[in-house]
Amino acid sequence: MTENDQGSVPSRQRKRFPGISSRAYEHPADRSALVALRKLSGFDTAFKALSGLLPERSLRLLYLSDSVRVSDAQFSHLNDMLRDACYILDLEKVPPMYVTQDPKPNAMCIGLDEPIIVVTTGLVELLDEEEMRAVVGHEVGHALSGHAVYRTVLLFLTNLALKIAWIPLGTVAITAIVTALREWFRKSELSADRAGLLVGQDVRASMRGLMKIAGGNHLHEMNVDAFLAQADEYEKSGDLRDSVLKILNVLPRSHPFTTVRASELKKWSESRDFQRIMDGHYPKRSEDKDTSVTDSFRESANHYADTVRTSKDPLMKLVGDIAGGAGDLAGDLGGRLRNRFGGGPGQKADGGPAQDGRGTGGEAGNGTTGDGAGNGQSEG
């Protein structure tokens, strides 16, 4: 950034993260997809060259002609927040930002060649300074991660695939692609929420902003702790029917539900990963090229496995119990087979009944072997 870009002074001192890699705050599922795409040399460059096929130029002209561009002369307080956010996350080029007339509170980072940030008047009027700072940081996080590029590319691929949906089973394949993309989109929003917290460095302001998006500008009627309690109730309440309804409700969405976002962000703010970043220990952009795709996918798989193990949702608990039970059963059967055919303790029982040998093998299976198999099954 230039000296002028850094001229604005935030309302309070905030920590800065020179050279920070977006991997520092990305959700594991989001990170694994991005690391894989970044390893495809020339992938985004090729699609940037095809930007003429996308409505990007039209969008830029539309916002330039029919919205207000943030600058020192227009929405200067937003301009200060934007430059401050780019300074904190060390994003060298400050993306253009526009305010567009729309009563619905919303913000987005779009564009294939160069990202632009758009916020609606509904959002600007809804949030206070600290809440808005977290939102601006959220969108700058999208820009730093490259979500604007990859989202645009993947949406383009999805639209292209829709045109060939007449192929047999094409609808099924397209549905699977769209479902997978939306799952990534939802995880990328959690990543950007974390970036917003790194910029604002006020977890209560981030919580309030999400709460206002859900319930409007009635802060005196709302409570952050009660709002977070809703997320806990949402996760653990109901039976298997409710679990299925939760899945059906979230499938068509590009964003997680606001209570879930607030809960996830609070958990991350209390994690060791967040504290390490705040202490100045984080992955650097200069190391991105050396990142292992395999390790990133392993972290993502471990995250989902851990989610199943720790979830309070009835369906997830059932899945975890089935996985654990299958592991115990596999260990039990393995122990019995080894004892019967491999000269195990059950074979050496001196003329005793067969059930004694099977009992010994069963105990071995339910003990060390069974637990090991069970844990391996769950973690995989």
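**Close-up 1. The aromatic pair of Tyr234 and Phe257 in the predicted model.** Phe257 is partly exposed in this predicted structure, with a relative accessible area of 23%, and its partner Tyr234 also counts as partly exposed, at 30% relative accessibility. The structure holds five aromatic pairs. In the pair shown here, the ring centres of Tyr234 and Phe257 are 5.9 Å apart and the ring planes stand at 70°, so the pair is edge-to-face. Because Tyr234 belongs to helix 10 while Phe257 sits in the loop between helix 11 (240-250) and helix 12, the two rings tie together parts that are 23 residues apart in sequence.

**Close-up 2. The salt bridge between Arg204 and Asp225.** A search of the whole structure finds 14 salt bridges, and in the one drawn here the side chains of Arg204 and Asp225 meet at 3.4 Å, taken from N to O. Arg204 lies in helix 9 and Asp225 in helix 10 (residues 224-236), so this contact ties together parts that are 21 residues apart in sequence. Arg204 counts as partly exposed, at 39% relative accessibility, and Asp225 is likewise partly exposed, with a relative accessible area of 46%.

**Close-up 3. The salt bridge between Glu131 and Lys212.** The side chains of Glu131 and Lys212 meet in a salt bridge with an N to O distance of 2.9 Å. Since Glu131 is placed in helix 6 and Lys212 in helix 9 (residues 203-215), the pair ties together parts that are 81 residues apart in sequence. Are these two residues, Glu131 and Lys212, buried or exposed? Both Glu131 and Lys212 are buried.

**Close-up 4. Arg133 and Asp84 within a network of salt bridges.** The side chains of Arg133 and Asp84 form a salt bridge in which N and O are 2.8 Å apart. This pair links distant parts of the chain, with Arg133 in helix 6 (residues 129-145) and Asp84 in helix 4 (residues 76-88), 49 residues apart. Arg133 counts as buried at 3% relative accessibility, and Asp84 counts as buried at 6%. Both residues belong to a network of salt bridges that also links Arg14, Glu129 and Glu130.

**Close-up 5. The lining of the largest cavity.** The count comes to two cavities of 30 Å³ or more, and about 50 Å³ of space lies in the largest cavity. The residues that line the largest cavity are His27, Leu190, Asp193, Arg194, Arg261, Glu264 and Leu265. Two elements, helix 8 (170-200) and helix 12 (258-269), give two or more residues to this lining. By residue class, the lining of the largest cavity divides into two nonpolar, one polar and four charged residues.

**Close-up 6. The cysteines Cys86 and Cys109, which are not joined by a disulfide.** A disulfide is a covalent bond between the sulfur atoms of two cysteines. The count for this structure comes to zero disulfides, and for Cys86 the nearest cysteine sulfur, that of Cys109, is 9.9 Å away. Why does Cys109 form no bond with the closest cysteine sulfur, in Cys86? The sulfur of Cys109 lies 9.9 Å from that of Cys86, which is too far for a bond, given that a disulfide requires the two sulfur atoms to be within 2.5 Å. Cys86 counts as buried at 0% relative accessibility, and Cys109 is also buried, with a relative accessible area of 9%.

Key
Residues numbered from 1 in each chain as written. Predicted model: local features only at pLDDT ≥ 70, side-chain atom pairs only at ≥ 80, totals over all residues. Heavy atoms only, no water. Buried < 20%, exposed > 50% of the residue type's maximum accessible area, 1.4 Å probe, protein only. 1 Å grid on protein atoms, 1.4 Å probe; cavity = no way out; pocket = protein on both sides within 12 Å on 5 of 7 lines; lining within 4 Å. Points joined across faces, edges and corners; volume = space filled by probe spheres on them. Helix = DSSP H or I, 4+ residues; strand = E, 2+ residues; numbered from the N terminus. Nonpolar A, V, L, I, M, F, W, Y, C, P; charged D, E, K, R; others polar. Salt bridge = Lys/Arg side-chain N within 4 Å of Asp/Glu carboxyl O. Phe/Tyr/Trp six-rings, centres within 6.5 Å; stacked < 30°, edge-to-face > 60°.
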